[in-house]
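Trainee: Could you take me through one part of this model in detail, and then place that part within the chain as a whole?

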Amino acid sequence: VILGPVSDNYSQKDGDCEKIKAVVADMNIGSTEVVYSLHEAIKSVDEDTVSKILDCIELPTTYLHTTDGKIKTALHVSVSEEDSFLSLWFSNTKEKIENRLVVAFPEDIDFRDEKGNTPFMLTTSIELRNMLIKAGADKMISNFLGRTNLHI
């Protein structure tokens, strides 16, 4: 994780956002690297690091163009990891992370990945689907193949 040294400093700095921002500035870390670290923290179900990034660093977006040509938001990353052992083991923590992402980045709710799929289309979690619907997710949006949630 690019922000490894920063997340190590979180515990030492007792969550002081100004100090965390200063560490990020001193390390000359851009928003792309911070978003990458956010994605990695989500994959690891590291609620503490996710919270620190969301609480302390203003991100213009959570999407990344990955080296393999994929486009993912933090919410896409989270729903893509649903079947991983970590996600199953830490399902309550994962739900908290997803709730934070929906609240912090409502524009990501209907963001399409490289195939045109939204997080709603990718999730198998009934709880997350309900949360996304309550947050305003478009249930009838279609992906680039013309498939809606009813097809998927």
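Mentor: A residue counts as buried here when its relative accessible area is under 20%, as exposed when that area is over 50%, and as partly exposed in between. With that cut-off in hand, and keeping in mind that this is a predicted model, we can look closely at helix α4, which covers residues 47-56.

Helix α4 is mostly covered, since 7 of its 10 residues are buried. The buried residues of α4 are T49, V50, S51, K52, I53, L54 and C56. For comparison with the whole, 43% of the 152 residues of the chain count as buried.

One partner of this helix is α2, made up of residues 17-26, and the axes of α2 and α4 come within 10 Å and cross at roughly 90°. That crossing makes α2 roughly perpendicular to α4. At the residue level, C17, I20 and K21 in α2 meet K52, D55 and C56 in α4, and of this group K52 and C56 are listed among the buried residues of α4.

Following the chain onward from α4, we come to the loop between α4 and β1 (64-65), where Y63 lies. The structure holds 1 aromatic pair, formed by Y63 and F111, which are stacked at 5.0 Å centre to centre with 25° between the planes. Because F111 lies in the loop between α7 (91-104) and α8, the pair ties together parts that are 48 residues apart in sequence. Neither ring belongs to a buried residue: Y63 is partly exposed, with a relative accessible area of 32%, and F111 is likewise partly exposed, at 21%.

As for the surroundings, the chain has 9 helices and 2 strands, and from the N terminus on its elements run α-α-α-α-β-β-α-α-α-α-α. Among contacts with a separation of 6 or more, 62% are made by residues 24 or more positions apart.

A word on confidence should go with all of this. The mean pLDDT of the chain is 79, and 82% of its residues reach 70 or more. Confidence is lowest in helix α1 (residues 4-12), at a mean of 47, and highest in helix α8 (residues 119-122), at 91. Over residues 9-13 pLDDT stays under 50, although the model has 10 contacts beyond four places in sequence for them. Where pLDDT is low, the predicted coordinates should not be read in detail.

Conventions:
Residues numbered from 1 in each chain as written. Predicted model: local features only at pLDDT ≥ 70, side-chain atom pairs only at ≥ 80, totals over all residues. Heavy atoms only, no water. pLDDT = per-residue confidence, 0-100. Helix = DSSP H or I, 4+ residues; strand = E, 2+ residues; numbered from the N terminus. Contact = heavy atoms within 4.5 Å. Phe/Tyr/Trp six-rings, centres within 6.5 Å; stacked < 30°, edge-to-face > 60°. Buried < 20%, exposed > 50% of the residue type's maximum accessible area, 1.4 Å probe, protein only. Axes fitted to C-alpha atoms, helices over the stretch in contact; angles between N-to-C directions. Parallel < 35°, antiparallel > 145°, perpendicular 65-115°, else oblique.
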